[in-house]
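Trainee: Could you walk me through this one before I set anything up?
Mentor: Gladly; let us look at the structure together.

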2 protein chains.
Amino acid sequence: MKSTIPEAGVPITPPAAGNGGDRQEASLHGEILLRLRDYVAEGNIPEGGRVPERQLCEMLGISRTPLREALKVLAAEGLIELLPNRGARVRQLSQRDLEELFDVMAGLESLAGRLACEAITDEEISAIERLHYEMYGHYLHRDMPSYFQINQQIHESIVAAARNETLKTTYANFAGRIRRVRYSANFARKRQRWAEAMREHEAILDALRRRAASELSDILFQHLRNKRSAAIEHLAEGQDTRPETTSQGG
Amino acid sequence: MKSTIPEAGVPITPPAAGNGGDRQEASLHGEILLRLRDYVAEGNIPEGGRVPERQLCEMLGISRTPLREALKVLAAEGLIELLPNRGARVRQLSQRDLEELFDVMAGLESLAGRLACEAITDEEISAIERLHYEMYGHYLHRDMPSYFQINQQIHESIVAAARNETLKTTYANFAGRIRRVRYSANFARKRQRWAEAMREHEAILDALRRRAASELSDILFQHLRNKRSAAIEHLAEGQDTRPETTSQGG
DNA sequence: AAGACAAAAAATGAATGCAAAATGGTTCTC
DNA sequence: GAGAACCATTTTGCATTCATTTTTTGTCTT
């Protein structure tokens, strides 16, 4: 009974025949890596759930070799964890893990702001200002999803303005790690916190206009710190089960 | 003359029969990963040089499967790059790449200092003070290697005091990436810069004692920035060939 | 003699096969 | 009847094998 591919060809995502255009991977394992990363980040596998190789192989229509290569990379990225002889599991993020992740994100954005002050152009600032006002509109209309989307664009604009591809990549990596959590914590914001966030964003813009690197660095860190508090509180309320993952003794 | 690598059958490191004790990897690919990472980071393969699978397999006494898994991870870590159908190469760091890496390191240390101010104990500060004075002794005796070693310990202590394992891991990752460069740039410091660095370290200690988070953050960033300048200048002098690696368009 | 084309050789990418470990279920013992 | 032990099945880890692609080498043409 070696029906390796009983109903293969049922891809996780629509068969990437067109190759969306964002970034293509020539090799199979690269393709698999991109798809698996999204698959896991979008929460298709429950926290701590097993990642069965065989099943995924059938689902993706590939053999185990490239899949296992992709799993190793995902483990290195921190999305999953590999237990010796016991397969891969979706990494459970304890509350502490989340706090740490948010803090590192805060540090990266803080750095981005600092660097941005050195290199950002007036045009880029104008673009961020436009985003800011657009976001303000969503805020007034209490349109949380749109607000959140623009908010993310602003932060990404700051990271982009830092002119540091390494930072950008690292930032994206960490953003991917908490993506799974964000899916449920996006709307953690209370009204109170929302207004506060708007004020902070105005301060960010102000510091950016003046190219006040240290100040912007501080503001951004605090801004993310407050975000962290909101998210953590929200999660603490919503979930009773706060798994204590084995802290990877790095 | 294709063998840039020692003869086969000679293990990179003594066969880890005892398993030193720092961190053991049960799986073979994990073991390989650790060894290969060190092997590459220590500069055993020239910049941009090929990483021949077959040769490494013989050298390590394993098959290609676990080796390739390790290579994928190293590529994800940024130590090597994988060209489709053309194998792995040791990643060449352009001057720009180095600048970016140093800046990210600066951001991470800056963050570490900020976080450390929240959690560091008096005992930890005392320990860092002791290291500082020890380092000062090496400075007076112009003992550059010892100075550098203690210097690294101080920075690691600050990162440890941040109480953030994620940050610590990330920091170690980036430190590994520039390790190869540090091997040649360690002693880039001019006398002038050396004295300056000592003063900065005193300022760091001062801010740490006062738990002045923002201030320490600024000082640490600047300190690393100055380090960056010194290293980059040194490399610019020493090397004419500054390869323009294809900036990975993440 | 230099360049171009073609075939051989080598290396890479992925699939398959095999041994060891883990999981699950059943049976045996107390 | 409950718990431990044993065996079958599944799963994982690694080696081996097969198919492409690349690189090299040799020959031929201009």
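What follows is a short conversation about the fold of the protein and its surroundings at the DNA.

Mentor: Before anything else, keep in mind that this is a predicted model.

Trainee: Okay. How many helices and strands does chain A have?
Mentor: Chain A has nine helices and three strands, and read along the sequence they follow the pattern α-β-α-α-β-β-α-α-α-α-α-α.

Trainee: And how much of chain A is buried?
Mentor: Of its 250 residues, 48% count as buried. As for the contacts in chain A with a separation of 6 or more, 75% come from residues 24 or more positions apart.

Trainee: Switching to the DNA: which residues are closest to strand D?
Mentor: The closest are Arg64(A), Leu28(B), Ser63(B), Thr65(B) and Arg86(B), out of 16 residues that surround DNA strand D. On the DNA side, sugar and phosphate make up 70% of the strand D atoms that come within 4 Å of the protein.

Trainee: Which base contact is there for Arg64(A)?
Mentor: An N or O atom in the side chain of Arg64(A) is 2.8 Å from a base nitrogen of DNA strand D.

Trainee: What about the phosphates, say for Asn85(A) and His29(B)?
Mentor: For Asn85(A), a backbone N or O atom lies 3.2 Å from a phosphate oxygen of DNA strand D, whereas for His29(B) an N or O atom in the side chain is 3.3 Å from a phosphate oxygen of that strand.

Trainee: Which helices supply that surface, and what classes of residue are in it?
Mentor: At least two residues each come from α3 (64-77) of chain A and from α1 (28-41) and α3 (64-77) of chain B. By class, the surface near DNA strand D has four nonpolar, seven polar and five charged residues.

Trainee: New topic: which residues are buried in α2 of chain B?
Mentor: In that helix, residues 53-60, the buried ones are Glu53(B), Leu56(B), Cys57(B), Met59(B) and Leu60(B). They cover an arc of only 165° around the axis, so they sit on the same side of α2(B). The buried residues of α2(B) pack against α1, β1 (50-51) and α3 of chain B, and just after the helix Gly61(B) takes a positive phi of about 70°.

Trainee: Last one: how do β2 and β3 of chain B run, parallel or antiparallel?
Mentor: Strands β2 (residues 80-83) and β3 (residues 87-90) of chain B run antiparallel and are joined by four bridges, with Ile80(B) standing opposite Val90(B). The two strands form a hairpin with three residues between them, and Asn85(B) in the turn has a positive phi of about 65°.

Key. Residues numbered from 1 in each chain as written. Chains lettered and ligands numbered in written order. Predicted model: local features only at pLDDT ≥ 70, side-chain atom pairs only at ≥ 80, totals over all residues. Heavy atoms only, no water. Near = heavy atom within 4 Å. Polar contact = N/O pair within 3.5 Å; in protein donor to acceptor, adjacent residues only side chain to side chain. Nonpolar A, V, L, I, M, F, W, Y, C, P; charged D, E, K, R; others polar. Buried < 20%, exposed > 50% of the residue type's maximum accessible area, 1.4 Å probe, protein only. Arc of directions from axis to C-beta. Contact = heavy atoms within 4.5 Å. Pairing = 2+ DSSP bridges.
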